[in-house]
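The following paragraphs examine how chains of this assembly meet and how their copies are related. Please keep the sequence and the model in view while reading.

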There are 12 protein chains.
Amino acid sequence: MLDSHAYGKLEITGSSKNSIEEAVQTAIKKAAEKVKNLRWFEVIETRGYIENNAVSYWQVTVKIGYNLED
Amino acid sequence: MLDSHAYGKLEITGSSKNSIEEAVQTAIKKAAEKVKNLRWFEVIETRGYIENNAVSYWQVTVKIGYNLED
Amino acid sequence: MLDSHAYGKLEITGSSKNSIEEAVQTAIKKAAEKVKNLRWFEVIETRGYIENNAVSYWQVTVKIGYNLED
Amino acid sequence: MLDSHAYGKLEITGSSKNSIEEAVQTAIKKAAEKVKNLRWFEVIETRGYIENNAVSYWQVTVKIGYNLED
Amino acid sequence: MLDSHAYGKLEITGSSKNSIEEAVQTAIKKAAEKVKNLRWFEVIETRGYIENNAVSYWQVTVKIGYNLED
Amino acid sequence: MLDSHAYGKLEITGSSKNSIEEAVQTAIKKAAEKVKNLRWFEVIETRGYIENNAVSYWQVTVKIGYNLED
Amino acid sequence: MLDSHAYGKLEITGSSKNSIEEAVQTAIKKAAEKVKNLRWFEVIETRGYIENNAVSYWQVTVKIGYNLED
Amino acid sequence: MLDSHAYGKLEITGSSKNSIEEAVQTAIKKAAEKVKNLRWFEVIETRGYIENNAVSYWQVTVKIGYNLED
Amino acid sequence: MLDSHAYGKLEITGSSKNSIEEAVQTAIKKAAEKVKNLRWFEVIETRGYIENNAVSYWQVTVKIGYNLED
Amino acid sequence: MLDSHAYGKLEITGSSKNSIEEAVQTAIKKAAEKVKNLRWFEVIETRGYIENNAVSYWQVTVKIGYNLED
Amino acid sequence: MLDSHAYGKLEITGSSKNSIEEAVQTAIKKAAEKVKNLRWFEVIETRGYIENNAVSYWQVTVKIGYNLED
Amino acid sequence: MLDSHAYGKLEITGSSKNSIEEAVQTAIKKAAEKVKNLRWFEVIETRGYIENNAVSYWQVTVKIGYNLED
């Protein structure tokens, strides 16, 4: 019942060689292996590593909310 | 032994149609289904949804500390 | 005269199925329907919704500055 | 269409002699006189005035999101 | 005279078994035993202790402003 | 009635060639062209532009609270 | 001895009809009536009241450090 | 493959009678009982309890990143 | 009675030639000369002075909570 | 030797007409003209300019860490 | 070309016996001895020293942006 | 002359296998190879790497202030 639903939150860092968006998708895919019913995310931090004076990969940390009722 | 005790922290969003306090209680009850020995909480964020120009339910996110020794 | 110009600021959340950049563009387009002379923006928050373990759409909140003189 | 929806955000301070929740409801009611389609809120700041060593009224500032499409 | 009035600020944590509002009232009552002419408060932090998977008491930290002229 | 009064908040950036205080006054004057019953402000950000190694003008962003009842 | 000196900190809000600097000076003068050996300050918040669409007075909150040894 | 690796993050509070560093080590040791492949940490908060006017123990909260691939 | 206990908070900067921990202990010892029943602390800021390219002393600011009932 | 390595940090704002990622790459390329051995970055701020109701270019500020030993 | 311009950022603390504005001008003048093409600044922190219960000088920390292309 | 002195600020991350304090000392020593007249520092961030479930080294980021007049 909606009166007392609740959401858990996971913090996960995903990475990608290509873009911030892809790093977020990586984080979500990994989260889905641990918990079910993922609902939303918030970007907490955007970082990355540099090789040869270019971004070698993006590292984006997200908090992911998931439904605890299901 | 107290010299090296430790606490885990869960972040959970609880909701309630009635009050901020009830939304926190919802979050704690849900946390108790996942881990034991809950000790304290801190309110991180207070939000809510609006229907017909009134709060339809409160959503309060708390960090909950629990004892890792037990 | 430049001595006493001023800018208003709007806070708007735009969304997109595809990218953070497109969600910002959506927010700017909507702002343009409300006020004129938009000048700059700052990203305040990047969030999104998840369906089937993937981002269903991006939600980016921006503060948009617009010239009050015109 | 969902692909490009957007939300405006209003910041409003509501007050109440009785509780934080009632102060939020006041803010929402006042927002509804200015814009339509209110959807959600976030509490930004909780303050209040003191008379005779007791809270004389609560002042709660909320950001209120409303749908720009309607 | 208003030209140069000033306010001191006290930081106090009050608690209550029942509600956030009551914990604030406790903090204000205690502050009143230390200084006179309390004027306003701001909530800094909302925490609490948990016993038997429920809030045993709320702990709310407030900054309280008081008039230094009187 | 005081039990349920409310304040709107505007965010405006004012500028001045001379001082931070004058930039705030500019912002308030511009706000007064948009809404009535301005009551208080808070400084959010102080920035400025540089020409010939000196401040060419100050840019101060304020949040301005105004009474919604009148 | 320098090895173990300590500083107390007071938080005080000073006001002035004229400028931010004068409001800080007001706060310091009031602090000097309460404690001795004031050493430094940090500006925490700059606010003010508005009357007739102009600043009626500035309110600046400072943390003031004072030497506890003397 | 590095293109899409991800890290989980745990938040744990460790304590020690002796030092901040030892409290961090306690937190890491406890985290290692829950998850494998710990990689890095960030200190979030340093607190402690006082008995007889001295620190009785240090409480340091860390976020710990661990590899989700292994 | 626990239902309405309260804690005051002092902000004090302690220093030490040797370590962060010792600077905190200095702050607590000084606080104990001003108020009784110290209970806990939180580290707010860690700074220091440099002489001859080395730390000459550490300056750590703590908020110290003390029981107002006793 | 690893025991005492150190990193410098540069703060640089890069821009791009096309994307946030490209603006970061611009910042890194410019940093590489000033210092060697760039290792990682963190995004500090994402802003941009608006022309004709669309983003004319993205401005992303990054802190870039580089190895001081080489 | 505008597509890929970049700005460096310097953090400098300037001081003045007279005002916050003059302390900022001092910081900018000193920055101009180190780098060329200064463009804008943001005030990061306003502090000061106290002697004889009055401000002896203001210390204002600014981040200064300068054009890297020239 | 004191009326217009100024300080530059460097941000440096130092590391150590042993302690937070030693990591700060490493950062200061490295800073001294780049600029003269170091005066003070503030700790910005404390992180570290983990190997075999223990801290392999501490990484502490400091802002270091140095005198620009000398």
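In this predicted model, Gly48(H) has Phe41(I), a residue in strand 2 of chain I, as its bridge partner. That pairing belongs to a junction between two strands: strand 2 of chain H and strand 2 of chain I, residues 38–51, run antiparallel and are joined by three bridges.

The contact around this junction draws on 13 residues from chain H and 13 residues from chain I. The size of an interface is often given as the accessible area lost when the parts come together. For chain H and chain I, the area buried between them is about 1200 Å², and carbon and sulfur atoms account for 62% of it. Which elements of chain H give two or more residues to the side that touches chain I? They are helix 1 (20–34), strand 2 (38–51) and strand 3 (54–67) of chain H. Strand 2 of chain H gives the most to this side, namely five residues. By residue class, the side of chain H that touches chain I comprises six nonpolar, five polar and two charged residues.

The polar side of the contact can be described by two counts. How many salt bridges are there between chain H and chain I? The count is zero. Polar contacts, on the other hand, are present between chain H and chain I, with five residue pairs counted, both members of each pair at pLDDT 80 or more.

The relation between the two copies is one of rotation. A turn of 120°, with a shift of 0.0 Å along the axis, lays chain H on chain I with an RMSD of 0.0 Å. Such a superposition is therefore the relation of a three-fold axis. The two copies use different surfaces in the contact, since 15% of the contact residues of chain H recur in chain I. Where does chain H come closest to the rotation axis? Among the residues of chain H, Ile20(H) does so, with its C-alpha at 5.0 Å.

Chain A and chain B provide a further case of superposition. Chain A can be laid on chain B by a turn of 120° and a shift of 0.0 Å along the axis, with an RMSD of 0.0 Å. Within chain A, the C-alpha nearest the axis belongs to Leu10(A) and lies 5.0 Å from it.

Note on methods:
Residues numbered from 1 in each chain as written. Chains lettered and ligands numbered in written order. Predicted model: local features only at pLDDT ≥ 70, side-chain atom pairs only at ≥ 80, totals over all residues. Heavy atoms only, no water. Contact = heavy atoms within 4.5 Å. Buried area = accessible area lost by both parts, 1.4 Å probe. Salt bridge = Lys/Arg side-chain N within 4 Å of Asp/Glu carboxyl O. Polar contact = N/O pair within 3.5 Å; in protein donor to acceptor, adjacent residues only side chain to side chain. Helix = DSSP H or I, 4+ residues; strand = E, 2+ residues; numbered from the N terminus. Nonpolar A, V, L, I, M, F, W, Y, C, P; charged D, E, K, R; others polar. Pairing = 2+ DSSP bridges. Least-squares fit on C-alpha atoms with pLDDT ≥ 70 in both.
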